[in-house]
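User: Could you take me through one strand pairing in close detail, and then follow the trail to whatever belongs with it? I work at the bench, so plain words and the cut-offs behind each term would help me.

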Amino acid sequence: MADDETSPLLSAAVKGKANAHNRSGSSESTPLLSNASNTPHYDGEHDDPDRDTAASIRSHQSGRSSTQKASGKTARRWPSYIAMGLLAVAIVVIIVLAFIIPEAVQEYAQKAAVIEPTNLSLESITTDGVRARIQANFHLDASKVDNDHVRRVGRAATWVAYQLGTEETKVNVYLPDYNNILLGSATIPPLVVNLRDGDMTKFNFVADITPGDVEGIRVIANEWLEGRLEKLRLNGQTDLTIKSGLLPLGTHPVSESLVFEANSIPAIPKYNLTRFNVEDGPMNGSMLADVSLSAFNQYPVELDIPELAFDIFVPGCAISDPFITVAEAVTSEVHVKPRSDVEADVKAVIRELPKSLTRICPDSTSSPLDILLKQFMHGDPATIFVRGSSHPDGDTPKWIADILSSVLVPVAFPGRTLDGLLRNFSLTDVHFSLPDPFADPGDPDASPKVSGNILVTAALPSEMNFGVNVTNVRATADVLYKSRKMGELNLQKWQHANSTKVERKGDEQATLKIQSRIIEAPLNVTDSDVFSDVVQSLLFGGKPVRLHVNALVDIMVQTTLGNLVIKEVPAEGKIPVKPLPKGSIGNIDPKVGSITVLDTTSDSITLQALVNVTNPTPYTAHVPFVNILVLNNDSILGDATVENLDVVKGENSNILVTAKWNPSIGGHLGRQIGRDLISQYISGWNTSITVKAHRDSIPGQPTIGEGLSHFNMTFAAPKLDLPGRTPEEKSRFIRDATFHFLSSTATFTLVSPLQHNTLYLDFINATALYNHTEPVGQILYDLPFAAPPGKSQTPRLPVTWSMGSVGYDAVKKAIGGRLKLDAYAEVDVRLGNWQESLWYWGQGIGARIQL
């Protein structure tokens, strides 16, 4: 086409030198097609970006000169000759400029041309495109041309060809890198350009723009949105009819290419979310979202965007999964002004959530909704996707609907951190359960458990104006004391909950009070030292202990859309733990009832006893198994075990305790301490024992055992509940004695604390005293006799009287009556295989004196 006879003026421009000057960049002051350097022409040749521009300018110059000469004719002949002469000169000049110096003029036009776009506005939307008003300023600035020769030739040429005009032109824009897909067409009305240096041409025209292949637009848009569009090459083609004044310069095929690098392609403008409100919809199972967006338009573009419908999607589980439709949205009419803020209102309706949104993903514990909410709640932008509605409004032109429905645009929805959303976390009516000794390691039953009432106050964001009811909760929490982690509370099972909304008052936020009864939540103590500090504060601090809780809470919420699970909502709060009342240890008041011997060895006794204790604390507990050491004077005398114990507030009766008496583990000193302790106990002295936990006190929980082992708990030895009418009588092993004066013998009534086992006395060396110090007589007996369960009477034991003593005289005087005597005895006792030598000191024993 470049060699067509109808285009002599542009042929030289098309075949200009290949080494034309390249421009270094583009700006508002450079030609619109300046980026076409070295791009392939549609006819196979390479474009010189300066040539077509120069040719067009030369054509305009020639046409303008012809018009000026022609218009100068008058009725007088001499002016006609002058005009014809001038016209001939102009034609010669145009020919010379067109065929002899096109390259100089082309270079001049390229470097001197300055185009300043001032406004682009949308006049109207038509059924097949848009009518856009384009406003711009054009002038040639010779000072931008460095070459003096080129500058002089260019000025001369543009002085001769003052103006250049075009007819109505249709420009088609193609994508050469995408199989020459038609991107769009623009119909440009006739234009006239002033070519003299410094003369300003103001463009103000309306162009009809028609989109091309929708598939091409979709491909380009998606690559741009996905960040894969490194550059964009456009090729514009048209048949351009030009003239200079009244002189026609023919129709010329023109092809120019533009290359846009990635950094020069406009990006999606940054926007701010100025309003976001969600409320229940008018129909059951629906919600309405009202959103306002604000963005700054930095371009000289003005247009009115009509109401448009969109579908909103979220990603599925995997990249290959189809997107999930969650809402339908409609935008308000948007007025875009040049270089100003743009406001847009969006209203969306959310209907019943699809199952694919809440279904757990394969090889995961989260659903697509969980993933989206997690991003949002951690303050990260949650990406949603927007696409033109597949069922647009009837007033929307089909070409707009086709384009919008073919492009999926990712939109970053700004997240908001939910720190502080759940507050005032408290736990009351606490019940503790120790671990199951038979549970496998790692099993929740292998940890102590906590039960109690949880009360949480949740702040409702102002954007939430829909009905919500919390039905279940679960949580994992770190428990800290004085900023040090003590353990972890793991509530993996859903716990039933209920909630009550408290409406906002004044500037206060609306809140939601959530109540739940947690049952046996495992508490894993991770730091024995911190746990020990907590126990110490509870036992001796006298003030409530405040435990700090940092939790991640899963909440099952009932809404109009159905049941939603909001996972890992951060929550924090304090749990006040009441200390033990003063004197609590002494108020335990243990009492021993029935005792049964299970096993004996030469050094130890294993027995079971029913014990009554008082729980002075405000807490209850379940104890599957616990073992403690029994000490006296820092010497281990044995251990005690309790199984399947439910501790309630106040009195706890008939607690079955299994104990092993084995002071020999403390060596000779231990045996002596054990011997003295039993002797003091059966003598009715005020004795005390110390109990202490150890590492293996609670199976599978050595950390708790070590923490508790720092504390010794000492209290009075449990009193025996022996048969009798008075408390004093119930505490005595020897109830009464009978002395036979003439036979010099004595018998004693014994009460054994054992209900199922017989105790044997193998040797007795006893002295009876009157008035605490005066000897009455001595009993020395080495024949074994039995003390069966309950009351029993000893055989007659021989008495050697202390003749002439005050005590002896007191006995004689009391014959036939009673006398209060004291007794000190050394006794060898035997119980099964166990033997021990004990001593006994009894006071105020009521003795009958008989002949």
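Analyst: Let's start with Leu 629, whose bridge partner in strand E32 is Lys 692. The model is a predicted one, in which local features need pLDDT of at least 70 and side-chain atom pairs count only at pLDDT 80 or more, while totals for chains, interfaces and linings use all residues. Residues are numbered from 1 along each chain as its sequence is written, and side-chain values use heavy atoms, with hydrogens and water left out.

The bridge at Leu 629 belongs with the pairing of strand E29 (residues 620-632) and strand E32 (residues 688-692), which is antiparallel and runs over three bridges. Strands (E, at least two residues) and helices (H or I, at least four) are DSSP runs numbered from the N terminus, and two strands pair if DSSP finds at least two bridges between them. Val 630 has a place here as well, standing opposite Val 691 in E32.

From E32 you can step on to strand E33 (residues 712-716), since these two pair in the antiparallel sense over five bridges. Ile 689 shows how they meet: its bridge partner in E33 is Phe 715. E29 also pairs with E30, again antiparallel, with eleven bridges joining them. Here Ile 628 stands opposite Ala 640 in E30.

What links E29 and E30 along the chain? The two strands form a hairpin with two residues between them, and Asn 633 sits in the turn. This residue is in the loop between E29 and strand E30 (635-647), and its phi is positive, about 55°, although it is not a glycine. With 63% relative accessibility, Asn 633 counts as exposed; the scale used is buried under 20% relative accessible area, exposed over 50% and partly exposed in between, with a 1.4 Å probe and protein chains only.

Arg 339 makes a good companion case. Its phi is near 50°, again positive in a residue other than glycine, and its place is the loop between strand E15 (334-336) and E16. Arg 339 is partly exposed, with a relative accessible area of 45%. E16 (residues 340-350) in turn pairs with strand E14 (residues 324-331) in the antiparallel sense over four bridges, and Glu 328 has Val 349 in E16 as its bridge partner.

Both E14 and E16 belong to an open sheet of eight strands with mixed pairing, in the order E18-E17-E13-E14-E16-E11-E10-E21. Strands E18 (408-413) and E21 (464-465) stand at the edges with a single partner strand each, so one side of each has no neighbour in the sheet.

Back towards E33, there is a helix worth a look. Helix H12 (residues 702-708) holds Ile 704, which counts as buried at 4% relative accessibility. The C-alpha atoms of Ile 704 and Phe 531 are separated by 7.3 Å, although the two residues are 173 apart along the chain. Val 530 lies in helix H10 (residues 528-541) and is buried too, at 1% relative accessibility. From Val 530 to Leu 480 the C-alpha distance is 8.5 Å, with their positions 50 residues apart in sequence.

Charged contacts add another kind of link. Across the whole structure, a search finds 22 salt bridges, each a side-chain nitrogen of Lys or Arg within 4 Å of a carboxyl oxygen of Asp or Glu. One of them joins Arg 131 to Asp 208, with the closest N and O atoms 2.8 Å apart. Arg 131 is in strand E2 (residues 130-140) and Asp 208 in strand E7 (residues 201-211), so this pair ties together parts 77 residues apart in sequence. Arg 131 is partly exposed at 32% relative accessibility, and Asp 208 is partly exposed at 28%.

The salt bridge between Arg 151 and Asp 148, at 2.3 Å, stays within helix H5 (residues 148-160): being three residues apart there, the partners are separated by about one helical turn. Asp 478 and Lys 485 form a further salt bridge, their closest N and O atoms lying 3.4 Å apart. Arg 275, Asp 290, Asp 345 and Lys 347 are joined into one network by salt bridges that share partners.
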